[in-house]
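Please walk through the fold of this chain, moving from its sheet to its surface.

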Amino acid sequence: MQDKKMNYFYIAFIFLFVMTVGFAAFGRNLSTKTRASQKDISIAKSLLIADKLEITAGSSDFAQISIFVRAEDGTILPNRLVDITTTFGSVNPTSAQTDNYGKAVFVVRSPTVGDANLTARINGVIIPQALTIKFIAAQ
């Protein structure tokens, strides 16, 4: 009878030991990181924003383009690769990782007058939002 009680005690001890080790090894931090990395990017909810839509060409003037990457539920998504291209002028950098706020920042400028159509991609998928920057002559 006493051996049965001792066996139950050993089983309970082993169970608690395994649970403790499991929580220590695979605890909250790992599950939080896993959940965050599994969220899908929402192209429709991600934003492409310019601080200026008209810039003086051939000057030190530039437009700052901010791209905010979001999930379907609207939460921000850090550490996502964003690429941007332009049909006119230059953009720097051409790709960047989003920061802790889900934001990637780019600069657009041109030495000559014209219109630049910008296209952004998040992890290779094009954002359908259109953005055109006009480079105008100095006044």
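**Sheet, strands and surface**

Four strands make up an open sheet in the order 1-3-7-5, and their pairing is antiparallel. Strand 1 (47–50) and strand 5 (90–92) are the edge strands, each pairing on one side only. From one strand to the next, the twist averages 25°. Within this sheet, strand 3 (residues 63–68) is joined to strand 7 (residues 103–109) by six bridges in the antiparallel sense. One position to look up is Ile 67, whose bridge partner in strand 7 is Ala 104.

The model is predicted, not experimental. In it, the chain has two helices and ten strands. Read from the N terminus, the order of elements is α-α-β-β-β-β-β-β-β-β-β-β, with both helices preceding the strands.

Strand 8 (residues 114–122) can be followed residue by residue, since its side chains alternate. Gly 114, Ala 116, Leu 118, Ala 120 and Ile 122 point to one face and are buried. Asp 115, Asn 117, Thr 119 and Arg 121 point to the other face and are not buried.

The pairing partners of strand 8 come next. Strand 4 (residues 81–86) pairs with strand 8 over five bridges, in the antiparallel sense. Here Thr 86 stands opposite Leu 118 of strand 8, and Leu 118 belongs to the buried face. Strand 10 (residues 131–136) is also antiparallel to strand 8, again over five bridges. In this pair, Asn 117 has Thr 132 of strand 10 as its bridge partner. Strand 9 (residues 125–126) pairs with strand 8 in the antiparallel sense over two bridges. Arg 121 has its bridge partner in strand 9, namely Ile 126. Strands 8 and 9 form a hairpin with two residues between them. Asn 123, in the turn, has a positive phi of about 50°.

How many salt bridges does the structure hold? There are two. Side chains of opposite charge can pair when their charged atoms come close. One salt bridge joins Lys 134 and Asp 115, with an N to O distance of 3.7 Å. Lys 134 lies in strand 10 and Asp 115 in strand 8, so this pair ties together parts that are 19 residues apart in sequence. Lys 134 is partly exposed, because its relative accessible area is 36%. Asp 115 has a relative accessible area of 42% and is therefore also partly exposed. The other salt bridge links Asp 61 with Lys 52, and their closest N and O atoms are 2.6 Å apart. With a relative accessible area of 33%, Lys 52 is partly exposed.

Helix 1 brings the account back to the N-terminal part of the chain. Phe 13 lies in helix 1, which spans residues 2–25. Is Phe 13 exposed or buried? Phe 13 counts as exposed because its relative accessibility is 51%, and the limit for exposed is over 50%. Together with Met 6, Tyr 10, Ile 14 and Val 18, Phe 13 forms a nonpolar patch on the surface. The accessible area of these residues together is about 520 Å².

Some totals describe the chain as a whole. It has 139 residues, of which 25% are buried. About 9400 Å² of the chain is exposed, and carbon and sulfur atoms supply 60% of that area. Among contacts with a separation of 6 or more, 58% are between residues 24 or more positions apart.

How values were computed: Residues are numbered from 1 along each chain as its sequence is written. This is a predicted model: local features need pLDDT of at least 70, side-chain atom pairs count only at pLDDT 80 or more; totals for chains, interfaces and linings use all residues. Side-chain values use heavy atoms; hydrogens and water are left out. Patches are made of residues with over 30% relative accessible area and no salt bridge: like charges are joined within 9 Å, nonpolar side chains (Val, Leu, Ile, Met, Phe, Trp, Tyr) within 5 Å. Accessible areas come from the Shrake-Rupley method with a 1.4 Å probe; for residues, only the protein chains shown count as cover. A salt bridge is a side-chain nitrogen of Lys or Arg within 4 Å of a carboxyl oxygen of Asp or Glu. Buried means under 20% relative accessible area, exposed over 50%, partly exposed in between (1.4 Å probe, protein chains only). Two strands pair if DSSP finds at least two bridges between them. Axes are lines fitted to C-alpha atoms, for helices over the stretch in contact, and angles run from 0 to 180 degrees between N-to-C directions. Contact means heavy atoms within 4.5 Å.
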